[in-house]
Amino acid sequence: MAYSEKVLDHYENPRNVGSFSKDEINVGTGMVGAPACGDVMRLQIKVGDGGVIEDAVFKTYGCGSAIASSSLLTEWVKGKTLDEARAIKNTEIAEELALPPVKIHCSVLAEDAINAAVEDYMQKRS
Amino acid sequence: MSEKHPIYLDYSATTPVDKRVADKMCSYLTLDGVFGNPASRSHAFGWDAEAAVEEARKQVAALVGANPKEIVFTSGATESDNLAIKGVAHFYRKSGKHIVTCKTEHKAVLDTCRQLEREGYEVTYLDPEQNGLLDLGKLEDALRDDTILVSIMHVNNEIGVIQDIAAIGEICRSRKILFHVDAAQSPGKVSINLDELKVDLMSFSAHKVYGPKGVGALYVQRKPRVRLEAQMHGGGHERGMRSGTLATHQIVGMGEAFRIASEEMEEENKRILSLRNRLWEGLKDMEEVYVNGDIDQRIPGNINISFNFVEGESLLMALKDLAISSGSACTSASLEPSYVLRALGRNDELAHSSIRFSIGRFTTEQDIDYTIDHVRTAVNKLRELSPLWDMYKDGIDLDSIEWAAH
């Protein structure tokens, strides 16, 4: 399979790889996917005062497109409010990375991951 | 270090044509060569081509201990499998409609069996044991009075394990059930003596043995005689079992490839086995790596390894300097992990994490050392990226988590 240059770039130089302590009150963690399906994404956001995402990290088990989708997402969500982050659509990720149809599910997974991370943060706060 | 990149380690998929084979094939194509139709009986062009085909038939038969009259040339192992299984099923339909095979067979066998199911036949798909080998007791239990055919592969294409076809042949013969063996992966790697084996039909391929693609053969035993219903009709070539003008240059190439294998396989397999051992020695101290399939009952050139917590397709991407294949079919549209590894009872993570390395005639020690180095680096890099690896390191049992399958 031929990968787009952007996928290759994110795959070879993934941005914001890492973990936050998930017990911290200002951290939201979203883990989506399943090993059985061949991809698992863990996206974490650190939310500052005023509900702005200050930092984001990820770890992904999956194909190159899954790794690139989550790497790109960490770049995009930084500096966004929770609502803005939740408004990111998988189609935008797929378009930016020029994902082929068979890899669209990787971008869907990334969208699920940010939603799950925001949800987790909100639950901790409530 | 090898100058040529990527390094080819996918000899189970196909092999380059040996230079000696290619040179010989070239003299059966052009005006100054032997280009005649082997079926032409009225002139020397035909006679010469026929002589070349018969020489090749002898060479193929010699490698596998068969009589040349028992060799039917086809377009490849897939056609041979189709001809054997459908041919027997159709010819012997009055004796019964039950066929026994195994879940780890090649698609050429499995899909042919599926077609026969649509035609009203009944097929039992046996589960192999965890090492990829069949429990012969279970095979025996699956046989019925209306079983007409057992089809079991000799060497598995993904995991390289060798089934005990001698023992299976004894079981089938004692029950008067025909036995077909898909041996696409075995010539030149495992010695085969059809004179002794109780095998009725055996499929061969040329391009796995440094011969050309597009040609193969089916061994059809003469004593006791096995009958087949032809699947390709026409001029009655190959004693009516497979019509179609014989592809002289392809057949000559297959013959030459099998001749070379007869002469060189002993030495070659020693060398290839030492390369495979070198590869495994260089990787086995890594954490959470597993060999898929029995390590001893296996051809020298194959090793299939799962690197736990690393997804196969991303690993292939990191190893772009290596021409290898993932057991996981992620690169195809199905996104399903290998059905062979699943049939072995490997869990999904391990099935998704597998890489098949297949070593052959032109692999060097330098190739292997480069491979070891690159695989270690890539696996470590991807594990740093893997949430599953994190969880494993934290002592979390992945099976205890409720994953949202998607």
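## Exercises on a two-chain predicted model

Chain B contains twelve helices and 13 strands. The model is predicted, so please keep that in mind as you work through the exercises.

**Exercise 1. Work out whether the radius of gyration of chain B agrees with that of a compact globule.**

Solution. Start with the length: chain B has 406 residues, and a compact globule with that many would have a radius of gyration near 22 Å. Next, take the value for chain B itself, which is 22 Å, so the two agree. For the outline, follow the C-alpha trace along its principal axes, where chain B spans about 80 × 55 × 35 Å. Then turn to the interior: 50% of the 406 residues count as buried. Finally, look at contacts in chain B between residues at least 6 apart in sequence; 73% of them join residues at least 24 apart.

**Exercise 2. Do the same for chain A, beginning with the order of its elements.**

Solution. Chain A has five helices and three strands. Reading from the N terminus, you should find the order α-β-β-β-α-α-α-α. The globule rule gives 14 Å for 126 residues and the radius of gyration of chain A is 14 Å, so chain A is as compact as a globular protein of that length. Its C-alpha atoms fill a box of roughly 45 × 30 × 20 Å along the principal axes. Of the 126 residues, 48% count as buried. Among contacts in chain A with a separation of 6 or more, residues 24 or more positions apart account for 64%.

**Exercise 3. Describe the contact between the chains: how many residues does each chain give, and which elements of chain A take part?**

Solution. Count first: 24 residues come from chain A and 25 residues from chain B. On the chain A side, strand E1 (27-34), strand E2 (39-47), strand E3 (53-61) and helix H2 (64-77) each supply at least two residues. E1(A) gives the largest share of that side, with four residues. Sorted by class, the chain A side holds 15 nonpolar, six polar and three charged residues.

**Exercise 4. Find the angle at which H4 and H5 of chain A pack, and name the residues that meet.**

Solution. Helix H4 (residues 90-97) and helix H5 (residues 104-125) of chain A pack at about 130 degrees, their axes 8 Å apart. That angle makes H4(A) oblique to H5(A). The crossing of these two helices is right-handed. From H4(A), the contact uses A:Asn90, A:Ile93 and A:Ala94, while H5(A) brings A:Ile104, A:Ser107, A:Val108, A:Ala110 and A:Glu111. By class, the residues of this contact are five nonpolar, two polar and one charged.

**Exercise 5. Now try a helix pair in chain B: at what angle do H3 and H4 pack?**

Solution. Helix H3 (residues 77-91) and helix H4 (residues 107-118) of chain B pack at an angle of about 30 degrees, with axes 9 Å apart. H3(B) passes H4(B) in a right-handed crossing. Residues of H3(B) in the contact include B:Ala77, B:Ile85 and B:Ala89, and those of H4(B) include B:Val109 and B:Leu116. The contact has seven nonpolar, three polar and two charged residues.

**Exercise 6. Is B:Ile162 buried or exposed?**

Solution. Locate B:Ile162 in the loop between strand E5 (147-153) and helix H6 (165-174) of chain B. Count its surroundings: 21 other C-beta atoms lie within 10 Å. The cut-off for a buried residue is 20 or more, so B:Ile162 is buried. Beyond neighbours within four places in sequence, its contacts are B:His154, B:Val155, B:Val190, B:Gln297, B:Arg298 and B:Ile299. One of these, B:Val190, is 28 residues away along the chain, with 8.5 Å between the C-alpha atoms of the pair.

Technical notes:
Residues numbered from 1 in each chain as written. Chains lettered and ligands numbered in written order. Predicted model: local features only at pLDDT ≥ 70, side-chain atom pairs only at ≥ 80, totals over all residues. Contact = placed C-beta atoms within 7 Å. Nonpolar A, V, L, I, M, F, W, Y, C, P; charged D, E, K, R; others polar. Rg over C-alpha atoms; globule rule 2.2 N^0.38 Å. Buried ≥ 20, exposed ≤ 12 C-beta atoms within 10 Å, placed from the backbone. Axes fitted to C-alpha atoms, helices over the stretch in contact; angles between N-to-C directions. Parallel < 35°, antiparallel > 145°, perpendicular 65-115°, else oblique. Left-handed = near helix turned anticlockwise from the far one by under 90°.
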